[in-house]
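Colleague: Got a minute? I'd like a quick tour of this one.

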Amino acid sequence: MPDPYIYQRDIETYGRLTASQIQKLVLPVDAGFGSALRTVTARLDAATEALRKATLDATAAPGSPGASRGSRGARANPVAAGRGLLRRLVEHAASRPNGAALARELLQGQTLATVLRRRPAALAAALTHAIEVLEQHEGQLPEREAWTADLERSRDALEPLIRSVRKTRLARRTMTPEMKAARDEWITTYGAAKLLVECVLRLHGKTSLMPEIFGDLPRAPRAAAGTSAARRPPASASALA
């Protein structure tokens, strides 16, 4: 039977893998079971897709009731705006006399490309760090106050997005009734597929293929087995007699 503690994030991978491997490795073994194997594969695909849709429905962020799609699309992208602002600040700092050290401090010793690839929460932290650096070096940039104000506005604009991302992550960890029902159906179907496949392979002495088909099964430690066999002491002469 399938492990009831299979991680939710692994289910789609296991489902797709098993359906594919049944077609590739099990169907050629015994044509007499072809119809049953194709049926259980189709049901597993359907159960996997149903769980994927239930998960997407649970994690979909609800739209703001007062905002139209057009107005949402017209808003500036706060991530792109924050990245652009940080790029301009670093380039401006580097262009100042003896500004290379200030630019490195703004980037915390990392490359500009690395910092600009950061996700919203990390980007907001980078903007906060830039504000602190400018405060420490207020004499190096005559426009420090204007830069600081822009950095604060950009950082604050990221907050709603950061909260939305955190909310979505929390939703992914929360099992809705629909997700639970879809998961239970998938576990049942996956277990049925495992029993059928084991039946076919056992009839032909090929149960060693099971871990190649079902991702939750441990693979046999072939190397370890070979090593222990190699280390086995030779039989004594009396045992051979």
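Modeller: Sure. One definition to start: helices and strands here are DSSP runs, at least four residues for a helix and at least two for a strand, numbered from the N terminus. Also, this is a predicted model.

Colleague: In what order do the elements run from the N terminus?

Modeller: They go α-α-α-α-α-α-α-α-α-α-α-α. The chain has 12 helices and 0 strands.

Colleague: How do people describe two packed helices?

Modeller: By the angle between their axes and the distance between the axes.

Colleague: OK, take H1 and H9. At what angle do their axes cross?

Modeller: Roughly 30°. H1 covers residues 8-26 and H9 covers residues 177-203, and their axes come within 11 Å. Angles under 35 degrees count as roughly parallel, so H1 is roughly parallel to H9.

Colleague: Is the crossing of H1 and H9 left-handed or right-handed?

Modeller: Left-handed.

Colleague: Which residues meet there?

Modeller: From H1, Gln-8, Ile-11, Tyr-14, Gly-15, Thr-18, Ile-22 and Val-26. From H9, Met-179, Arg-183, Trp-186, Tyr-190, Val-197 and Val-200.

Colleague: How many of those are nonpolar, polar and charged?

Modeller: The contact of H1 with H9 has 9 nonpolar, 3 polar and 1 charged.

Colleague: Switching topic. How much of the chain is buried?

Modeller: Buried residues are 32% of the 241 in the chain.

Colleague: And what area does the chain expose?

Modeller: About 14,900 Å². Carbon and sulfur atoms supply 55% of that area.

Colleague: Last one. What share of contacts joins residues at least 24 apart?

Modeller: It is 72%, counting contacts in the chain between residues at least 6 apart in sequence.

Key. Residues are numbered from 1 along each chain as its sequence is written. This is a predicted model: local features need pLDDT of at least 70, side-chain atom pairs count only at pLDDT 80 or more; totals for chains, interfaces and linings use all residues. Side-chain values use heavy atoms; hydrogens and water are left out. Axes are lines fitted to C-alpha atoms, for helices over the stretch in contact, and angles run from 0 to 180 degrees between N-to-C directions. Angles under 35 degrees count as roughly parallel, over 145 as roughly antiparallel, 65 to 115 as roughly perpendicular and the rest as oblique. A crossing is left-handed if the near helix is turned anticlockwise from the far one by less than a right angle, and right-handed if clockwise. Contact means heavy atoms within 4.5 Å. Ala, Val, Leu, Ile, Met, Phe, Trp, Tyr, Cys and Pro count as nonpolar, Asp, Glu, Lys and Arg as charged, and the others, Gly among them, as polar. Buried means under 20% relative accessible area, exposed over 50%, partly exposed in between (1.4 Å probe, protein chains only). Accessible areas come from the Shrake-Rupley method with a 1.4 Å probe; for residues, only the protein chains shown count as cover.
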